[in-house]
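Please open the model in your viewer, with the sequence panel alongside, and follow the selections below in order.

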Amino acid sequence: MTACNRPAETTTATTTQSFSNLEGARAIVRENNGKFVEALQRGDSAAMASMYTKDAWLLPQHSEPISGEDILHAWGAAVRGGVKAFVFNTQDVTGFPDLLVETGKYETYGAGRLLLDKGKYVTVWKRENGILKVYRLISNTSLAPPEL
């Protein structure tokens, strides 16, 4: 299973990602989100982790910040735990050429398109070696907590 592999030193993108306006930035964010979803569907947490900057933080709810190689381990655990698909619905992208902020909603699915979670997120994208990568990602559920 690729979920246990170390992240590749290079990103899945093969060319420098440039844009001249926010519409171009939105297109790159959509493209990168699509590559992330494709990597998840292959169970390739190494490819997923390669989409983060070297100094990235993953900030999930009910958890301490995750950084470095622990990002790979977190996505590997998600893959092994049955996460099969993400749907990103980007609501807004704003910022500058080297630092963008994406705000949106997400849905997470398991086997048989079973809804596992849905919520909202903020992703800060930062240019690293000409490629926009995830610098900070914070997300939280919109589902009610389970009753005790």
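**Strands, core and surface**

Begin by selecting residues 52–60, strand 1, together with residues 131–141, strand 6, which pair in the parallel sense over 5 bridges. Bear in mind throughout that this is a predicted model. Within this pairing, pick out Leu58, whose bridge partner in strand 6 is Leu137.

Next, keep strand 6 displayed and add strand 5, residues 115–128, which pairs with strand 6 in the antiparallel sense over 10 bridges. Here Glu128 has Ile131 of strand 6 as its bridge partner, and if you then move to the hairpin of strand 5 and strand 6, you will find 2 residues between the strands, with Asn129 taking a positive phi near 55°.

Now turn to the interior: which residues have the most contacts inside the largest nonpolar core? Select Tyr52, Ile71, Trp75 and Leu100, which hold that place in a core of 32 residues. Among the elements that each supply at least two residues of this core are helix 1 (22–42), helix 3 (69–80) and strand 3 (85–96), and helix 1 gives the most, with 7 residues.

Centre the view on Tyr52 and, leaving aside its neighbours within four places in sequence, show the residues in contact with Tyr52, including Phe36, Ile71, Trp75, Lys133 and Val134. Leu58 and Leu137, the bridge partners selected earlier, are also in contact with Tyr52.

Finally, switch to a surface display and select Val101, Val122 and Ile138, which make a nonpolar surface patch of about 190 Å². Of these, Val101 lies in strand 4 and is partly exposed, with a relative accessible area of 30%.

Conventions:
Residues numbered from 1 in each chain as written. Predicted model: local features only at pLDDT ≥ 70, side-chain atom pairs only at ≥ 80, totals over all residues. Heavy atoms only, no water. Pairing = 2+ DSSP bridges. Helix = DSSP H or I, 4+ residues; strand = E, 2+ residues; numbered from the N terminus. Core = buried A, V, L, I, M, F, W, Y, C linked by side-chain atoms within 4.5 Å. Buried < 20%, exposed > 50% of the residue type's maximum accessible area, 1.4 Å probe, protein only. Contact = heavy atoms within 4.5 Å. Patch = residues over 30% accessible without salt bridge, like charges linked within 9 Å, V, L, I, M, F, W, Y side chains within 5 Å. Areas by Shrake-Rupley, 256 points an atom, 1.4 Å probe, with all protein chains shown as cover. Salt bridge = Lys/Arg side-chain N within 4 Å of Asp/Glu carboxyl O.
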